[in-house]
Amino acid sequence: MKATILMSKCLTVLGIESSCDETAASVVRLSVSDDDAHTLSNVVHSQTADHAIYGGVVPELAARAHISHIDGLIKRAMSDANLKFHQLDGVAVTAGPGLVGGLLVGMMSAKAIAMAHDLPFIGVNHLEGHALTPGLTQGLKPPYLLLLVSGGHTQIVSVDAIGQYKRLGTTIDDALGEAFDKTAKLLNLGYPGGPAVEQAAQSGDESRFKFPRPLKGKEGCDFSFSGLKTAVRQQAQKLDDISQTDVSDICAGFQRAVVDTVTDRLGNAMDMFADAHGNVEQKTLVVAGGVAANQHLRNGLDYICHDKNYHLIVPPIELCTDNAAMIAYVGALRLARGDVDGLDMSARARWPLDPDGVPMPFAGVKA
Ligand code: KG4
Ligand code: ZN
């Protein structure tokens, strides 16, 4: 829906995020003339501890926890920004993709605020939030290449312009963070698995076990991690009475296989992006999502960026993981362009950023 926006110099937007296991609220102010923005407040409540004993996010628990926390977080985001609702120009909320129970909690809150204060409502695609974050943190403008690696998503996206995205690759099964979490669960390392696997791998021998590099050397930029996960399980089962050294060596071997696979797929994407954007002098790779915290992966990205002559940008980790500042920012960008939604908008469990991207039926809600 298009709305006529009075072209004030700045737009101040409240953003709300509740698509997975983080409840978050933030206020961002955008300068309409140059799309530069700054964050006035940003609060996040992580539910990691609630889900830890289950080894993964339990949707019903997540939705209930969002209900418990969302009002308090919105209140804090508004008071940290020193604003009242009537001083806002719009309310943005993650409308998908994600867990529907959680999405509904955020959307109902955002719609209620928009309705009560007669404010424009913007239902934001969570992936667009991750994709445009470097604009908020580093002032980076498209085009650039994005690697999104989180617990729910593994994608390579060509960010051609604001609102124009081409998905170059995605996972055909598990997300990368999920592969880390499942590996950790298998080895009794706890949840979330990524940091635990990275820690265990530090003292490991990455060459002791040879794990597969799924799709490595193949055309295209898609990912697959389920075969790697199975290979890890089979290896662990072969070692009865598994020692701490065995665990460390498995983690190191797994991590090596992950980095080799990701850099191989990314190399193809970098070539595709370079072909499509030959006129862009300094090509940039942005990495987002919780797995971006992995130092081993970052070293691999440094290497491939150097090799392919790309500049690597990693936003601060608290804005790589799920947050509402990215949602408020996208909301403000869309509001500035008069692109707002009706209060009848529905939550969307699946919502590809690239409408031409082929659906991946075996990738859960992640593709
Ligand atoms: O973006 P994020 O915080 O949220 C969701 O996807 O909801 O990503 C969380 C994922 C988890 O799967 C976690 O295991 C992974 O990021 N992760 C890591 C590391 N830190 C977090 N994976 C590998 N190495 C890490 N250091
Ligand atoms: Zn996310």
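**Notebook: a sheet and the helices around it**

Started with the middle of the sheet: strand 6 (residues 144-149) runs parallel to strand 9 (residues 283-288), and I count 4 bridges in the pairing. This is a predicted model, so I keep that in mind for everything below. One residue pair I looked up here: Leu147 sits opposite Val287 of strand 9.

Next I wanted the whole sheet. In what order do the 5 strands of the open sheet come? I read 8-7-6-9-10, with mixed pairing. Strand 8 (164-170) and strand 10 (310-313) are at the edges. Each of these has a single partner strand, so one side of each has no neighbour in the sheet. I also checked the twist: on average, and ignoring direction, neighbouring strands are turned by 25° against each other.

Then I asked what lies on the sheet. Which strands does helix 8 touch? I find strand 6, strand 7 (154-161), strand 8, strand 9 and strand 10 on the list. The direction of helix 8 makes about 155° with that of strand 6. Helix 9 (residues 295-308) lies across strand 6, strand 9 and strand 10. Against strand 10, helix 9 runs at about 155°.

Moved on to the helix partners of helix 8, beginning with helix 5. The axes of helix 5 (residues 176-186) and helix 8 (residues 244-276) come within 12 Å and cross at roughly 170°. Angles over 145 degrees count as roughly antiparallel, so I noted helix 5 and helix 8 down as roughly antiparallel to each other. From helix 5, I have Leu176, Ala179, Phe180 and Thr183 in the contact. Helix 8 brings Phe254, Gln255, Val258 and Val262 to it. Sorted by class, I get 6 nonpolar and 2 polar residues, with no charged ones.

Helix 7 was the last one I looked up. How do helix 7 (residues 226-238) and helix 8 cross? Their axes come within 11 Å, at roughly 165°. Helix 7 and helix 8 are therefore roughly antiparallel to each other as well. I logged the crossing of helix 7 past helix 8 as right-handed. On the helix 7 side, I see Leu228, Val232, Gln235 and Ala236. They meet Ile250, Phe254, Ala257 and Val258 of helix 8. By class, this contact has 7 nonpolar residues, 1 polar and no charged ones.

One thing I underlined: Phe254 and Val258 of helix 8 are in the contact with helix 5, and Phe254 and Val258 also turn up in the contact with helix 7.

Methods
Residues numbered from 1 in each chain as written. Chains lettered and ligands numbered in written order. Predicted model: local features only at pLDDT ≥ 70, side-chain atom pairs only at ≥ 80, totals over all residues. Heavy atoms only, no water. Axes fitted to C-alpha atoms, helices over the stretch in contact; angles between N-to-C directions. Helix = DSSP H or I, 4+ residues; strand = E, 2+ residues; numbered from the N terminus. Parallel < 35°, antiparallel > 145°, perpendicular 65-115°, else oblique. Contact = heavy atoms within 4.5 Å. Nonpolar A, V, L, I, M, F, W, Y, C, P; charged D, E, K, R; others polar. Left-handed = near helix turned anticlockwise from the far one by under 90°. Pairing = 2+ DSSP bridges.
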